[in-house]
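Colleague: Could you take me through this fold, beginning with a sheet and moving on to the ligand?

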Amino acid sequence: MTSSSTHANGVAQQRPNRDVIISVRDLVVGFGDKTIMKGLNLDVYRGEVLGFVGGSGQGKSVLTRAILGLVPTRGGAIRVFGQDRDALAPLERRALEQRWGVLFQNGALFSGLTVKQNIQMPMREMRDLSQRLMDELAMLKLELVGLSSDAADKFPSELSGGMVKRAALARALALDPELVFLDEPTSGLDPISAAEFDELIGTLQQTLGLTVFMVTHDLDSLYSICDRVAALAEGRVIAAGPLETLLASDHPWLKAYFHGVRGGRLTAARVEQKDEQWKPAPTTP
Ligand SMILES: Nc1ncnc2c1ncn2[C@@H]1O[C@H](COP(=O)(O)OP(=O)(O)OP(=O)(O)O)[C@@H](O)[C@H]1O
């Protein structure tokens with residue numbers, strides 16, 4: 001089931017159909033005597049960019065890592081592509097993990113490897129490819145994320161912050177995933193680089209048909225590329241839906257986030273911008 005909608009940035013696009021790609025039910029996660037997720041529920045639909053927001057330390061990264069199977073859960077169920085990874089045999093789990101790519105916070109590139117070697121790391125682990133083919137694929141991935149071939153033989157320390165993010169995105173795309181997890185992809189970037197990175201994610205999502213789960217603090221990203229937003233507070237998803245729905249919420253955290261001192265300025269500016277777009281074109285006499 002698909003229908004057309006308008007992206008937050010005004011670009012017409014397909015609304016995500018209702019195929020659930022990630023389903024989280026009654027999830028409980030904790031460390032020691034601290035419970036972080038207290039019965040969390042969330043659905044992520046095929047072909048959408050879901051922005052996941054929440055205060056610092058609320059558990060956004062923990063949820064991402066729980067979905068990826070990197071932290072143990074204490075209760076509930078997580079299904080990705082309809083499969084419960086804990087119930088899978090090792091080979092099936094490996095096949096499932098090849099269907100997603102991850103951009104960890106700050107890129108998490110291996111500092112001792114060049115960009116090309118970083119991109120080839122998942123290929124080496126998961127595929128049996130010749131070096132020549134891996135070299136060609138690495139160059140394609142670099143081009144896809146807007147990096148020149150000169151970047152291939154550089155080490156992460158020789159790259160700018162924006163280039164690190166792009167190289168990390170290229171690595172996340174190494175195995176042609178259907179689903180991509182992005183943990184604060186624009187953090188640490190200046191506003192221009194952040195906007196360019198948002199645009200890149202939006203373009204890739206549309207051209208490659210990706211489903212994107214994006215943890216972010218960046219209000220601009222929510223406005224420009226997210227189809228839906230989910231908000232985390234007190235161990236649960238307190239709201240999920242189009243940004244307009246969250247903007248209208250009375251929940252104290254959402255009100256503070258979107259209409260507080262910093263968020264309020266951006267929200268007002270964006271609403272004004274949208275009003276401008278909605279004005280009818282002037283008629284010629
Ligand atoms: N391996 C761990 N062991 C113990 N506590 C942990 C572990 N990983 C995360 N936590 C705790 O879980 C809580 C949530 O952390 P998480 O990194 O998910 O927050 P976040 O919402 O992503 O924050 P931020 O926006 O600041 O990145 C924090 O209190 C953190 O200290």
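Modeller: Happily! This is a predicted model, so local features need pLDDT of at least 70, side-chain atom pairs count only at pLDDT 80 or more, and totals for chains, interfaces and linings use all residues. Residues are numbered from 1 along each chain as its sequence is written.

Colleague: In which order do the three strands of the open sheet lie?

Modeller: Strands here are DSSP runs of E, at least two residues, and helices are runs of H or I, at least four, numbered from the N terminus. Two strands pair if DSSP finds at least two bridges between them. The pairing is antiparallel, and the order is β4-β3-β6.

Colleague: Which strands are at the edges?

Modeller: An edge strand pairs on one side only. That holds for β4 (34-45) and β6 (75-80).

Colleague: How many bridges join β3 to β6?

Modeller: Strand β3 covers residues 20-31 and runs antiparallel to β6. Arg25 stands opposite Ala77 in β6. The number of bridges joining β3 and β6 is five.

Colleague: Which helix packs on the sheet?

Modeller: The helix spans residues 60-67 and touches β3, β4 and β6, a contact being C-beta atoms, placed from the backbone, within 7 Å. Its name is α1.

Colleague: And which element gives the most to the shell around the ligand?

Modeller: The residues around the ligand, with a C-beta atom, placed from the backbone, within 6 Å of it, include Phe31, Ile36, Lys60, Ser61 and Val62. With three residues, the element giving the most is α1.

Conventions:
Contact = placed C-beta atoms within 7 Å. Axes fitted to C-alpha atoms, helices over the stretch in contact; angles between N-to-C directions.
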